[in-house]
Amino acid sequence: MQRRLRQRLIQTIVLSAVVAVGIIAYRKASRPNRLILEREAQAKLEEIFSDEDQRTVVKFRPDTSSIDLLRGVTLHELRILDEDEEEVLLRADRVFLEHDLLALASGRYEPTRIEIEGPLIVARETEDGLTLAAPIQLTTTEVGGAIPVIQVHGGRVDLNPMAGSTRIVKPIRLVDVELEVTPSRGEEVLIRGGFRSVGLGQDATRIGIHGSGWPKEDRVLVGVQWKDLEVTPELLDALGK
C-alpha cells in the first residue's frame, strides 16, 4: 500500500513538473520577443523621422527600455542622428509607442500613438520658411497601415536663422512645447498645441497653434494664437526690426 502511494505521489510530482515546464515553454513561445519589439519600435521611428532626401538612425538606452504587451514599448534617452551618425538631430527623454494589439497578434507591428516627452527639437530657417533638422514623415507605405497620433510633451525648440537672414537675426528658443498631430478625414492631419517663448520680453505668455497638414502633398497650414502680444525691444531685436 505504501509503495503504491509512493509511486502515485512520484507520478503526480513528475506530471506536475512536466505540465509546469510546458506552460512556461508555451508562454515563452507565444510571447513576442523583447528585442524584436525594441527593433520594431526603433525601425518605426527611423521610418517616421526620415524622408526621401535624408535617412536617420535612432539610438536609445537599451538597459532602461520597457515592454508592456498590452500597451506598448517605452524607450529612454532617445537620439535621432543623421545617416553618418555625426549629428544629433533630435533628443528626447522618453518615447512611448502604443501598439495595435490586433496587428501585433497577426505578426505586424503598428503603433497607434507615439508620445514624445522632453524633446529638444532643432528648426532651421530656409528661403522657403522653416525646416526641422530631423525630417518627419507622416505617410505610411503599408497596405491598410494607419498614421499614428503623435504627442509632444514638455518640448523645447531651438530656431536657428540662416546666414544673412533679414527675417530672424538671432536664435529663438521656445519652451513648454505641447503638440498633438492627429489623423483626420482622408489624408489630412490636425495640428494642435502651444508653447512659450524665452528672451522675447514675454516669457509668461502662452502661444497657441492650430492647423492642418496633408503629408502626401508636403503641405501644412498653421495659425498662431498669440494673446496679449507685446511688441517688446527684445522681440524687435530678434526679428531685426
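Contact here means heavy atoms within 4.5 Å. Keep that cut-off handy, and keep in mind that this is a predicted model.

**Exercise 1. Work out what surrounds E188, and whether E188 is buried or exposed.**

Step 1: place the residue. E188 sits in the loop between β9 (172–183) and β10 (189–198).

Step 2: list the neighbours. Leaving out residues up to four places away in sequence, E188 touches T182, P183, S212, G213 and W214.

Step 3: look for something polar in that list. The side chains of E188 and S212 are joined by a polar contact of 2.8 Å.

Step 4: check the accessibility. The relative accessible area of E188 is 9%, and buried means under 20%, so E188 is buried.

**Exercise 2. Take helix α2 and find which residues are buried and where they sit around the axis.**

Step 1: get the geometry. Helix α2 covers residues 34–48, which makes 15 residues. From first C-alpha to last, α2 reaches 21 Å, close to the 21 Å expected at 1.5 Å a residue.

Step 2: pick out the buried positions. In α2 these are L37, E38, A41, K44, L45 and I48.

Step 3: put them on the helix. They cover an arc of only 125 degrees around the axis, which puts them on the same side of α2.

Step 4: recall the background. An α-helix has 3.6 residues a turn, so residues three or four places apart point the same way.

**Exercise 3. Find the partners of strand β3 and say how each one runs relative to β3.**

Step 1: start with β3 itself. Strand β3 spans residues 72–82 and is mostly covered, with 8 of its 11 residues buried.

Step 2: go to β1. Strand β1 (residues 56–59) is joined to β3 by 4 bridges, and the two run antiparallel. If you want a register check, T56 has D82 as its bridge partner in β3.

Step 3: go to β2. Here 3 bridges join β2 (residues 66–68) to β3, again antiparallel. I67 is partnered by V73 in β3. The two strands make a hairpin, with 3 residues between them.

Step 4: go to β4. This pairing with β3 has 9 bridges and is antiparallel too. Within it, H76 stands opposite R94 in β4. β3 and β4 also form a hairpin, with 5 residues between the strands.

**Exercise 4. Ask which residues in and around β3 have a positive phi without being glycine.**

Step 1: set the expectation. Most residues other than glycine have a negative phi.

Step 2: take E77. This residue is not a glycine, yet has a positive phi of about 50 degrees. E77 lies in strand β3 and counts as partly exposed, at 45% relative accessibility.

Step 3: take E85. Its phi is near 60 degrees, also positive in a residue other than glycine. E85 lies in the loop between β3 and β4 and is partly exposed, with a relative accessible area of 40%.

**Exercise 5. Trace the salt bridges of R113 and find the network that R113 belongs to.**

Step 1: get the total. The count comes to 15 salt bridges.

Step 2: recall the chemistry. Side chains of opposite charge can pair when their charged atoms come close.

Step 3: try E98. The side chains of E98 and R113 meet in a salt bridge at 3.3 Å, N to O. E98 lies in strand β4 (residues 88–99) and R113 in strand β5 (residues 111–117), so the pair ties together parts that are 15 residues apart in sequence.

Step 4: add accessibility. E98 is partly exposed, at 24% relative accessible area, whereas R113 is buried, at 16%.

Step 5: try E115. R113 and E115 form a salt bridge, with the closest N and O atoms 2.8 Å apart. Both R113 and E115 are buried.

Step 6: widen the view. R94, E98, R113, E115 and E117 are linked in a network of salt bridges. You've already met R94, standing opposite H76 across the β3 and β4 pairing.

**Exercise 6. Say how R156 and D158 interact, and how covered each one is.**

Step 1: check the side chains. R156 and D158 meet in a salt bridge, 3.0 Å from N to O.

Step 2: sort them by accessibility. R156 is partly exposed, with a relative accessible area of 28%. D158 counts as buried, at 14%.

Notes: Residues are numbered from 1 along each chain as its sequence is written. This is a predicted model: local features need pLDDT of at least 70, side-chain atom pairs count only at pLDDT 80 or more; totals for chains, interfaces and linings use all residues. Side-chain values use heavy atoms; hydrogens and water are left out. The expected span of a helix is 1.5 Å times one less than its number of residues. Buried means under 20% relative accessible area, exposed over 50%, partly exposed in between (1.4 Å probe, protein chains only). The arc is that of the directions from the helix axis to the C-beta atoms. A salt bridge is a side-chain nitrogen of Lys or Arg within 4 Å of a carboxyl oxygen of Asp or Glu. Two strands pair if DSSP finds at least two bridges between them. A polar contact is a pair of N or O atoms within 3.5 Å; within protein, one must be able to donate a hydrogen and the other to accept it, and residues adjacent in sequence count only if both atoms are side-chain atoms.
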